[in-house]
Structures are given as structure tokens and as C-alpha cells.
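Student: I'm new to this structure and would like a close look at one part of it. Could you walk me through a sheet, and then whatever you'd like to add?

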Amino acid sequence: MTGPADPRVLPLLDAHRVFAALSPAARARLAQRFVVERHADGATLAAAGQLGERLALVLDGRVELHDTRHDAAVVVERGALFGAGAEPRGDPATWRAQARGDCTLAFVGADVVAALCADEPALAFHLAPPRAPVAPPVDTHLNLLSTPVRALLRRAPVTLAPTASIAEAARLMRDERVSSVLLVERDHLLGLVTDRDLRNRALAADVDPARPVVDIATVAPLTIDVAQPAFEALRLMARHNIHHMPVLDGQRVAGIVTATDVTEQHGTSAVFLAGEIYRQSSLDGLIAAAGKVQALQRHLAAARASAYAAGRLVTAITDALTTRLLQLAEARLGPPPVDYAWLAAGSQARNEQTAKSDQDNALLIDDAYDAAAHGAYFEALAQQVNDGLAACGYVHCPGDMMARNAAWRQPRRRWLAYFHHWTDEPEPMALVLTCVFFDLRCVYGRDDLLESLRRDVLQHTRHNGLFLAHMVANALTHRPPIGLFGGIAVARSGEHRGTIDLKHQGIVPIVDLARIVALAGGHPQVGTHERLSVAGRDGEIGERDARDLRDALEFLGSLRLQHQARQTAAGLAPDNHLPLDELSSFERDQLKDAFAVVQRVQNALAQRYRL
């Protein structure tokens with residue numbers, strides 16, 4: 001039943017951008033469905049798990065929406081919507097609403113919102129129908145993004161002394177019905193033997209089953225701590241193409257996790273997609289596997305995975321493609337004449353990639369390198385890998401900051417000279433190169449080459465005031481799009497009219513700030529979240545600023561993830577240009593807050609490091 005509409009409701013509906021899609025008559029009918037309630041300061045308007053039951057319109061006063069999982073809060077005021085169909089980003093079950101001062105709200109049930117969205121498709125574009133989400137099948141690891149590895153352990157570890165025979169290991173695995181056994185001596189993990197090892201290293205190689213099992217083991221295997229998140233186990237398995245990972249509690253062996261423990265969906269899961277990549281023996285096979293990356297990103301978005309987790313998983317696939325291309329190139333060209341490290345730069349180095357990424361990479365070669373004797377080999381290696389990545393969808397860097405460019409294919413001594421020059425003479429091009437090549441991570445080869453180079457470089461940048469001042473000035477060329485009166489300024493003309501550039505106006509400024517504070521403190525971390533965490537802890541910036549920037553980066557990254565997923569689902573090429581019409585009023589408020597955080601920290605660093 002409906003009665004006369006409260007006179008305060010209809011004017012707000014008429015003025016609200018979401019309900020502009022309705023006809024005046026439809027807005028008038030909707031206004032009659034709202035029930036007005038008055039609440040006193042501190043009243044609970046919706047407990048955790050209840051926010052999606054009703055749609056609320058704030059008529060006067062203020063309401064605090066609080067995310068109980070992340071201990072984050074935002075205050076909404078007159079004219080704002082929240083609740084059914086307009087839940088805050090994230091899991092609505094973790095949000096609650098509370099009056100901040102006396103307030104008046106108008107409520108309408110979720111059933112009304114669902115029916116309205118069904119009748120008015122234009123409205124459904126702005127206001128999601130409040131129903132249980134129907135998403136494409138996703139990997140079970142998406143439910144493990146905040147689950148510790150400890151929760152995956154199903155049984156006590158199956159262990160054996162390294163001196164036991166291969167036959168004993170096979171019998172133990174049969175009796176215990178496991179696919180691997182851990183080799184332990186004096187409570188220390190020495191190795192790992194899997195059923196594949198028994199098949200390939202023992203039976204197929206005609207190895208005497210009476211020999212010690214350590215002879216066919218993987219010695220010093222990659223491990224993970226019980227407290228690490230499960231998605232990190234998934235990422236490491238994908239990154240290193242392994243399906244078994246021992247779990248440690250301190251130095252004690254706690255158990256083992258397998259790929260099937262963390263995922264059951266083989267089609268687009270990161271672990272099995274990486275495994276598929278490593279099985280390919282041709283470029284055509286790698287191209288086909290790479291075509292699944294966008295589907296992986298869509299599934300991550302559908303499951304509301306964090307931008308942080310999604311970036312690490314998508315990057316793990318890029319690492320796998322890069323590694324396999326290098327292995328295939330070495331098979332064609334022969335073993336490298338001297339040691340080298342293939343370095344990822346930019347977002348790949350930071351583990352922050354999306355499906356829309358170009359290439360930034362380099363070759364760091366041992367100082368035994370001789371251009372006349374070895375140059376042709378590394379030129380061919382780099383060309384094959386760069387062209388292979390381009391064929392897989394990672395377009396050539398427009399600035400040619402890739403290993404195929406001889407300038408970025410150098411021995412360690414030359415790279416050290418580069419960094420010293422850029423630091424001592426920070427002219428514009430040097431600053432551009434600094435922003436690319438101070439973010440480096442070894443993907444394949446001798447990672448100790450990079451680590452020794454990084455130590456030398458950070459000693460040169462730490463507390464280098466003039467260099468840091470130039471870095472800050474360069475970072476200020478990317479400013480958040482906040483208008484004169486505090487609103488969000490969109491592009492007014494051109495192909496992307498009415499949009500904001502999430503990458504260059506939001507994410508890049510945060511990445512730049514994190515790089516500056518890492519260089520100022522001499523911190524070796526490469527990921528933006530990790531850089532901000534250590535900088536806040538060690539005092540390069542305030543802990544509050546570090547936390548706010550991490551939250552802003554996560555919010556902006558999530559917006560980009562969802563935006564690109566919508567584009568790829570519609571058959572469009574993903575980009576970073578977000579129309580504000582895709583956002584609810586709540587999301588717009590959060591976006592404005594995120595930009596304000598970036599602007600505040602930019603201004604603070606500009607005051608600290610003046611030219």
C-alpha cells in the first residue's frame with residue numbers, strides 16, 4: 001500500500017542523478033513508496049549484514065557507513081543513497097550504518113528497487129538490482145584472499161628421513177594416500193619428493209629403488225609460512241610453476257599445500273593457467289594461453305577480489321609467459337655465454353599489472369660480458385622475447401624501454417653508471433627513466449645481480465635532497481582531478497570527454513609518492529603497498545598518510561578492475577578512462593576522498609623537498 005508522499009522525498013528524487021532516468025510520473029509514484037523515519041544520534045540504522053535489505057535516502061542529518069572488516073568509515077549527508085542496490089563497494093555483509101547526530105531518512109524495500117530496475121533498464125545502469133550476485137564460475141582461491149595458509153592444512157605432515165630408500169618413499173605415499181612426502185632431519189626441512197619425481201627421476205631414469213630418496217628430491221624447496229594469506233601460496237605456485245609447497249611454522253614443518261587445495265577451477269585459475277603456459281613449446285601455444293588473462297581478470301572482478309590480490313595474480317601470469325619465452329629462446333640459441341637477469345620494470349615489477357599493460361623490461365648482464373663476443377646472443381634473445389610478449393598481447397613500449405633496445409641491455413657496471421648519472425644530474429629525461437627503472441624485479445636468471453645493484457643505488461639516493469626535490473617536482477606533473485571548488489574535474493573534450501583517467505590522475509601519483517619515500521629512506525621494496533607500509537613505519541611519511549594512500553590505491557585499483565572487466569565483457573578494449581556515470585554517489589564521494597588524500601601528501605612532500 002502507498003499513501004501520500006512525504007514532501008521532502010520527491011524534490012530529492014527529482015534532483016538526484018540516478019533517478020533522472022525516470023519519468024516525472026514514475027518518480028512521483030516511487031516517492032509514495034518511501035517510508036520516512038527519524039533517528040536519534042548514535043542509532044543503528046542497519047547492522048552488519050542488513051545494509052542490503054532497504055535502500056535509504058538521507059533527507060537531513062548525517063549517517064556513518066562503517067566497514068567492520070577493514071575498520072574504514074565514510075559519512076554521507078543529505079541527498080545520498082545507501083543500502084539495497086547502492087551498497088558501498090566491497091562485501092555488504094561487512095558494512096553497518098549509524099546515525100551521526102539526529103537524522104531523517106526515507107526507506108524503500110529491496111523488492112521495490114529490484115522491480116524498478118527490471119522495469120527501467122536505464123535505472124539499472126546506475127542502481128544495481130539488489131539480488132544474490134550471479135557471476136561466472138570463479139576459482140576457489142578467490143574465497144581465500146584473506147584466509148591464512150594454516151586453514152588449508154588438512155592433516156599432519158607426512159615425513160621421511162632423507163636416508164630412507166626411494167622404495168620406502170613410494171610405499172609411504174601409497175599407504176598414506178598422498179602425492180608428496182617431506183624429507184625432514186632433526187626437525188628441519190631438507191627436501192620434497194612428489195609422485196612426479198618418483199615417475200620421472202626414479203622409474204623412467206632406471207634409478208635403483210634402494211638408493212636414498214634424497215637423490216631424487218627437490219632440495220631446499222620453496223616454502224610459505226602458516227600465517228601468510230592463501231592467495232600468496234597461489235601466486236607463488238603460479239609464479240614458479242609448482243603444485244606442492246611445504247608450509248612452515250617458524251622453522252617447524254607444519255604440512256604441505258597443493259594446487260588442488262587452493263583451486264578447483266582449472267580453466268582460468270592462475271595456477272593452472274601458469275602450468276599451461278609452461279607446457280607450451282611454441283609461440284602459438286603461448287598466444288592461446290595468454291588469451292585467457294582477460295577472462296581471469298573478469299573472474300577476479302566478479303568475485304570482488306582486491307586490486308592488490310588481482311594485480312599479483314595477473315602479474316604472475318605475465319612472469320610465467322616471460323619465463324617460458326626465455327626458456328624457448330635459450331633452447332633455440334643455446335645456453336647464455338655469461339649469466340644474466342631478465343628484469344621487469346614498471347607495473348610488472350611492482351606486481352600491479354592489469355590485463356591492459358604494455359612492456360617495460362631490461363637485461364642486466366654479468367660484468368664478464370663482452371659486447372663483441374656476447375652481444376649478438378643477447379640481442380637475439382631480447383628480440384625474440386619482446387616480440388613474443390607483443391604477440392601475446394603485451395604491446396611494445398612506445399618509448400622502447402625494453403631489453404631489445406641496446407641501451408637497456410647492459411652489464412652491471414653500466415647500469416650502475418646509469419643510476420649514478422640520473423641521480424647526480426636529474427634533468428627531465430633522467431627523471432622519466434628513473435620512474436621506470438627504479439622499479440625493477442628479477443623475473444628470470446641471476447636475481448643476486450639485481451640485489452647487489454639495488455644496494456649500491458639506494459646508498460646513493462638515500463637522503464639525497466636535491467635529487468628527491470627533482471623527483472617530487474616531476475611527480476607533481478600528475479595531479480588528481482580536483483576542481484577549483486573541490487569537485488571532480490572530468491575531461492571536457494576529445495575522445496574521453498566526461499571521464500577521468502584512473503591511471504595517470506589517480507594511481508600513478510600514488511606510485512610516484514611511494515617511490516620517492518622509498519628512495520628517501522633507502523628501502524629496497526618495489527611494490528607500492530609495501531613501500532608505503534615501510535615508509536609509514538620508519539617515518540618517511542606519517543603512518544596515517546601511508547595508510548590513507550594504501551586505501552586510496554586499493555579503491556582506485558578496484559574501480560579500474562571493475563571498469564576494465566565491464567569493457568572486456570562487452571567486447572571492448574580495456575582502458576583507464578572511467579565515466580563518472582558508472583559510479584554511484586557513494587563511490588563518487590569515496591573517489592573525491594581518495595583524490596584529496598593524494599593531493600594532501602603531494603603538497604606535504606612539495607613543502608619538504610623544495611628546489
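Student: In what order do the strands of the open sheet lie, and what kind of pairing do they have?

Tutor: Happy to help! This is a predicted model, in which local features need pLDDT of at least 70, side-chain atom pairs count only at pLDDT 80 or more, and totals for chains, interfaces and linings use all residues. Residues are numbered from 1 along each chain as its sequence is written, and side-chain values use heavy atoms, without hydrogens or water.

The open sheet has 4 strands in the order E9-E10-E11-E12, with mixed pairing (strands are DSSP runs of E, at least two residues, helices runs of H or I, at least four, each numbered from the N terminus; a pair needs at least two DSSP bridges). At the edges stand E9 (159–160) and E12 (218–219), each with a single partner strand, so one side of each has no neighbour in the sheet. Between E10 (residues 180–185) and E11 (residues 188–194), which run antiparallel, there are 6 bridges. Leucine 182 is placed opposite leucine 192 in E11. Helix H6 (residues 195–203) packs on the sheet, touching E11 and E12 (contact means heavy atoms within 4.5 Å). The direction of H6 makes about 70° with that of E11; axes are lines fitted to C-alpha atoms, for helices over the stretch in contact, with angles from 0 to 180 degrees between N-to-C directions.

Elsewhere, the axes of helix H20 (residues 528–538) and helix H21 (residues 543–569) come within 8 Å and cross at roughly 165°. H20 and H21 are therefore roughly antiparallel (over 145 degrees; under 35 is roughly parallel, 65 to 115 roughly perpendicular, the rest oblique). Their contact includes Leu532 of H20 and Leu549 of H21.
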